[in-house]
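Biologist: Before we discuss any feature, could you put the sequence and the model on the screen?

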Amino acid sequence: LMLRASGYQARYVFDIKDHVWCEVRLPPGDRARDGDTWVHTDPCENAFDDPRMYAEGWGKRHSYVVAFDEDMGCVDVTPIYAKDKATWRKEREIDDAHFERVLKAVNAAAASGFE
């Protein structure tokens, strides 16, 4: 909310296991990495631009990490936060294609006002 009030695009990030945080979209050249301008920020942990802090610092084994924003809807951002692909894939209960279909369906429902 504070990021949006300050004029930044921001989105919630939800780890299905137990934690939420934010990402802020920064202008190109302002700490943006390789054209990816969404940057991790966790006000509860006083953390900025440290997406691996959960996997490497806390030892979390991510399975589903989803970002929510007004423009893109629900987006799977697990690879950004998980330690490695083998770890998060092992933690998932459904395959990647099925999860993408679920996100597409949620995004379609949201676009139509959940009618």
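Modeller: Let us begin with one pair of strands: β3 and β4 pair in the antiparallel sense over 2 bridges, where two strands count as paired if DSSP finds at least two bridges between them. Helices (H or I, at least four residues) and strands (E, at least two) are DSSP runs, numbered from the N terminus. This is a predicted model, in which local features need pLDDT of at least 70 and side-chain atom pairs count only at pLDDT 80 or more, whereas totals for chains, interfaces and linings use all residues. Residues are numbered from 1 along each chain as its sequence is written, and side-chain values use heavy atoms, with hydrogens and water left out.

Biologist: Which residue stands opposite T41, and which residue takes a positive phi in the hairpin of β3 and β4?

Modeller: T41 faces F48 in β4, and in the hairpin, which has 4 residues between the strands, N46 takes a positive phi near 55 degrees.

Biologist: How should I read the sheet, and what is the order of its strands?

Modeller: Strands of a sheet pair through backbone hydrogen bonds, either parallel or antiparallel. Here an open sheet of 6 strands has the order β4-β3-β2-β1-β5-β6, with antiparallel pairing. Because β4 (47–48) and β6 (73–76) stand at the edges with a single partner strand each, one side of each is left without a neighbour in the sheet. Strand β2 (residues 19–25) pairs with β3 in the antiparallel sense over 4 bridges, with E23 opposite H40 in β3. Strand β5 (residues 65–69) and β6 are likewise antiparallel, over 4 bridges, and V66 stands opposite D76 in β6.

Biologist: Why is β3 described as largely enclosed?

Modeller: Buried means under 20% relative accessible area, exposed over 50%, and partly exposed in between (1.4 Å probe, protein chains only). In strand β3 (residues 38–42), 5 of the 5 residues are buried, so the strand is largely enclosed by the rest of the structure. W38, H40 and D42 point one way from β3, while V39 and T41 point the other way.

Biologist: What makes up the largest nonpolar core?

Modeller: A nonpolar core is a set of buried Ala, Val, Leu, Ile, Met, Phe, Trp, Tyr and Cys residues joined through side-chain atoms within 4.5 Å. The largest one has 10 residues in all, namely V13, W21, A47, M53, Y54, V65, A67, V75, V77 and Y81. To this core α2 (53–57) and β5 each supply at least two residues. Apart from it lies another core, of 5 residues, among them Y64, V66, C74 and F99.
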